[in-house]
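Open the model in a viewer and keep the selection panel at hand. The stops below are meant to be taken in order.

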Amino acid sequence: MNPRTIEIAMLLMGRWDAAARWAPIPLRLMVGYGFMEHGFAKLARGPEAFATILHDIGVPGPHFMAWITVLVEVLGGLAVTLGAFVTPASIPMAAILLVAIFTVHLPYGFSSIKLMAVTAAGAQFGQPGYETDVLYLACLAALVLGGSGPFAVDGLIRKRFEDAR
């Protein structure tokens, strides 16, 4: 093999390693912020309003589930943002996404943006599909399988356990 080819391959592999190492950070920030934003929006409107929606779609214990959902979204979002306990936090977060897909978004198809018309008042959109939920699930899966990356609490905890041995 040509030495120059080997040099180029090594350079590309080094870039790939750096990209793979840093890739979890934007995933953590986007997923964490997105979940926290949804949780805070439910708090701002009052969990009772969300409980009414849950009741209307047939979710058992709607008041309890409304509060659980808000807590999972806010605390799970914070955990993912910080890279803390990402794997255990991802389980209830994924459950919320799956419930949203199968109880709300599935009938509207895949696309999360449905431009219906543009009027003098602005763009008019239809109901969102499950695209965004699937993207959040993919990001959570990537973080669970690939790790939280640098500047993550999980890494600090792992290092402390390794140092204690």
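The tour covers a predicted model, and each stop gives a selection and what is found there.

**Helix 5 and its cover**

Start by selecting residues 86-105, which form helix 5. Within helix 5, colour V86, A89, S90, M93, I96, L97, I101 and H105, since these residues are buried. Now show helix 2 (24-45), helix 4, helix 6 (131-146) and helix 7 (153-164), which are among what covers the buried residues of helix 5.

**The largest nonpolar core**

Next, select V31, F35, V80, M93, L97, Y136 and L140. The largest nonpolar core has 13 residues, and these seven names are the ones that touch the most other members. Helix 2, helix 4, helix 5 and helix 6 each give two or more residues to this core. Helix 5 contributes the most, with five residues. In soluble globular proteins, nonpolar side chains tend to be buried together.

Which residues does Y136 contact, apart from its neighbours within four places in sequence? Centre on Y136 and display M30, V31, G34, F35 and L97: Y136 is in contact with each of them. A second core, separate from the one just shown, has five residues, including F50, A51, V59 and A66.

**The end of helix 5**

Go back to helix 5 and select H105. Is H105 buried or exposed? Its relative accessibility is 16%, and the limit for buried is under 20%, so H105 counts as buried. Draw a distance from the H105 side chain to the backbone oxygen of P128; the value is 3.2 Å. Leaving out residues up to four places away in sequence, H105 touches A100, P128, G129, Y130 and D133.

**The loop before helix 4**

Select I57, in the loop between helix 3 (47-56) and helix 4. I57 has a relative accessible area of 35% and is therefore partly exposed. Add T103: the C-alpha atoms of I57 and T103 are 7.0 Å apart, while the two residues are 46 apart in sequence. I57 touches T103 and also V104, with residues up to four places away in sequence not counted.

**Two salt bridges**

The model has two salt bridges. For one of them, select E73 and K42, whose side chains meet at 3.1 Å, N to O. This pair links distant parts of the chain, with E73 in helix 4, K42 in helix 2 and their positions 31 residues apart. E73, at 5% relative accessibility, counts as buried, and K42 counts as buried at 12%.

For the other, move to helix 7 and select K159 and D163, which lie four residues apart, about one turn of the helix. The closest N and O atoms of K159 and D163 are 3.2 Å apart. K159 is partly exposed at 47% relative accessibility, whereas D163 is exposed at 56%. Side chains of opposite charge can pair when their charged atoms come close.

**A nonpolar surface patch**

For the last stop, show the surface and select F64, M65, I68, L71 and L75. These residues make a nonpolar surface patch of about 460 Å². One of them, I68, lies in helix 4 (residues 62-82). With a relative accessibility of 32%, I68 counts as partly exposed.

Definitions and conventions. Residues are numbered from 1 along each chain as its sequence is written. This is a predicted model: local features need pLDDT of at least 70, side-chain atom pairs count only at pLDDT 80 or more; totals for chains, interfaces and linings use all residues. Side-chain values use heavy atoms; hydrogens and water are left out. Patches are made of residues with over 30% relative accessible area and no salt bridge: like charges are joined within 9 Å, nonpolar side chains (Val, Leu, Ile, Met, Phe, Trp, Tyr) within 5 Å. Accessible areas come from the Shrake-Rupley method with a 1.4 Å probe; for residues, only the protein chains shown count as cover. A salt bridge is a side-chain nitrogen of Lys or Arg within 4 Å of a carboxyl oxygen of Asp or Glu. Buried means under 20% relative accessible area, exposed over 50%, partly exposed in between (1.4 Å probe, protein chains only). Contact means heavy atoms within 4.5 Å. A polar contact is a pair of N or O atoms within 3.5 Å; within protein, one must be able to donate a hydrogen and the other to accept it, and residues adjacent in sequence count only if both atoms are side-chain atoms. A nonpolar core is a set of buried Ala, Val, Leu, Ile, Met, Phe, Trp, Tyr and Cys residues joined through side-chain atoms within 4.5 Å.
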